[in-house]
Amino acid sequence: MRVTVLGAGTMGHGITQVSAMAGHDVTLRDLDDDLVADGIDAIESNLDGGVERGKVTEEEKTETLGRITPETDLSTAVAGTDLVVEAVPEKVDLKKSVLSEAEEAVEDDVVLATNTSSLSVTELASTLDRPEQFVGLHFFNPVHIMSLVETIVAERTADRTREFAVDYIESIDKTPVVIRDTPGFASSRLGVTLGVEAIRMVEEGVASPEDIDAAMELGYNHPMGPLELTDVVGLDVRLDILEYLREELGERFKPPQLLKRKVRAGKTGQKAGEGFYVWEDGERVSMSGQWGDR
């Protein structure tokens, strides 16, 4: 299969990596050469880490990188492709624009997919001429480690498109779950509910972020506590999801003031070096302030 990924950021380069590792030929496209190069550098870094841990051989690394083609021109990027996966930032208008441009450039039988964690796939399909060939694919970060992919079926997604998406997910050694297009799908809605309650507990002084996370890791066998996970996902991303779910589903998803203050202060988590924890070189080193700067 030939796959085109639009967007070389965190999710885009992750989707590119797992697709190429599974034997698919992948074109990674972004707006300029530097962005694409940064994405491929990140893939190489991930593969180097896999080699160091004995999870990837040098031969597998070389073959994976050899299946990836960098590109900035959209028409060239989608030529001869079977699947286009859009992986640009979570902005409705931006995604609609990118998807519309892609649909105009591809052959009529090509499947289009959006990687989104919460946006309405049905709404994104509203500007497409062939919505029956459009589906949501919610990958999880980091893509090369996380095994789940939600397959989001929109109102007009055809059965054959859903089946194609499931086959693709299984081909890259991931586990698909099929979800009807509803706000927050399954994972984001459940995950953000746990995360927002943990933030409220910090805000109310119930316990420190570290103790709340330890309670969920040791008491419920979660691999990562809800506050550390919020840092990894991005506090700004969580805030955007909460505001969207509040609009769609009601006040139970009202964002805590603590979350809003941290985002305004630029403390958006791991990527910024500070959220509920302080991060250095991608590693958690301490809590941020006294119980999250209440």
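Is Gly 7 buried or exposed? Gly 7 is buried, because its relative accessible area is 8%, and residues under 20% count as buried. The model described here is a predicted one.

## The main sheet

The structure has an open sheet of 8 strands with mixed pairing, in the order E3-E2-E1-E4-E5-E6-E7-E8. Its edge strands are E3 (68–71) and E8 (175–180), each of which pairs on one side only. On average, and with direction ignored, neighbouring strands of this sheet are turned by 25° against each other. Strands of a sheet pair through backbone hydrogen bonds, in either a parallel or an antiparallel sense.

Strand E2 (residues 25–29) is mostly covered, with 4 of its 5 residues buried. E2 is joined to E3 by 4 bridges, and the two run parallel. Within that pairing, Val 26 stands opposite Ile 68 in E3. E2 also pairs with E1 in the parallel sense, over 5 bridges. Asp 25 in E2 is the bridge partner of Arg 2.

Helix H1 (residues 10–21) lies across strands E1 (2–6), E2, E3, E4 (83–86) and E6 (134–139). H1 runs at about 165° to E2. Ser 19 is found in this helix. With a relative accessible area of 0%, Ser 19 is buried. Leaving aside neighbours within four places in sequence, Ser 19 is in contact with His 24, Val 26, Tyr 168 and Ile 172. Val 26, one of these contacts, is the residue that stands opposite Ile 68 in E3.

## Annotated positions

An unreviewed UniProt entry places the feature "binding site" at Gly 7, Ala 8, Gly 9, Thr 10, Met 11, Gly 12, Asp 30, Glu 90, Lys 95, Ser 117, Asn 141 and Lys 271. These positions are spread over 265 residues of sequence and also in space, up to 22.5 Å between C-alpha atoms.

Gly 7 has its place in the loop between E1 and H1. Not counting neighbours within four places in sequence, Gly 7 is in contact with Gly 12, His 13, Leu 28, Arg 29, Asp 30 and Ala 87. Among these contacts, Gly 12 and Asp 30 also carry the "binding site" feature in the UniProt entry.

Lys 271 lies in the loop between helix H12 (257–264) and E9. Lys 271 is exposed, with a relative accessible area of 57%. Leaving aside neighbours within four places in sequence, Lys 271 is in contact with Gly 234, Asp 236 and Val 237.

UniProt, again in an unreviewed entry, places the feature "domain: 3-hydroxyacyl-CoA dehydrogenase C-terminal" at residues 184–279. Over residues 184–279 the chain is 61% helix and 3% strand. The end C-alpha atoms of this stretch are 28 Å apart.

His 222 lies in the loop between helix H9 (209–219) and helix H10 (226–233). What exposure class does His 222 have? His 222 counts as partly exposed, because its relative accessibility is 28%, and this class lies between 20% and 50%. Not counting residues up to four places away in sequence, His 222 touches Leu 194, Met 216 and Glu 217. His 222 and Arg 160 are 62 residues apart in sequence and 35 Å apart in space, C-alpha to C-alpha.

## The hairpin of E9 and E10

Strand E9 (residues 277–280) and strand E10 (residues 283–287) run antiparallel and are joined by 4 bridges. Trp 279 stands opposite Arg 284 in E10. The hairpin has 2 residues between the strands, and Asp 281 takes a positive phi near 50°.

In a regular strand, side chains alternate between the two faces of the sheet. In E9 the covered face has Tyr 277 and Trp 279, whereas the uncovered face has Val 278 and Glu 280.

## Charges over rings

The structure holds 0 aromatic pairs. Aromatic rings do have charged residues over their faces, as listed below.

| Charged residue | Ring | Distance from the ring centre |
|---|---|---|
| Lys 262 | Phe 276 | 5.3 Å |
| Arg 284 | Tyr 277 | 4.1 Å |

Arg 284 thus appears in two settings: Arg 284 lies over the face of Tyr 277, and Trp 279 stands opposite Arg 284 in the strand pairing. Tyr 277 and Trp 279 are both on the covered face of E9.

Note on methods: Residues are numbered from 1 along each chain as its sequence is written. This is a predicted model: local features need pLDDT of at least 70, side-chain atom pairs count only at pLDDT 80 or more; totals for chains, interfaces and linings use all residues. Side-chain values use heavy atoms; hydrogens and water are left out. Rings of Phe, Tyr and Trp (its six-membered ring) pair if their centres lie within 6.5 Å; planes under 30 degrees apart count as stacked, over 60 as edge-to-face and the rest as tilted. A charge sits over a ring if NZ of Lys or CZ of Arg is within 6 Å of the ring centre and within 35 degrees of the ring normal. Buried means under 20% relative accessible area, exposed over 50%, partly exposed in between (1.4 Å probe, protein chains only). Two strands pair if DSSP finds at least two bridges between them. Axes are lines fitted to C-alpha atoms, for helices over the stretch in contact, and angles run from 0 to 180 degrees between N-to-C directions. Contact means heavy atoms within 4.5 Å. UniProt positions are given in the numbering used here, feature names are shortened, and annotations may be inferred rather than shown by experiment.
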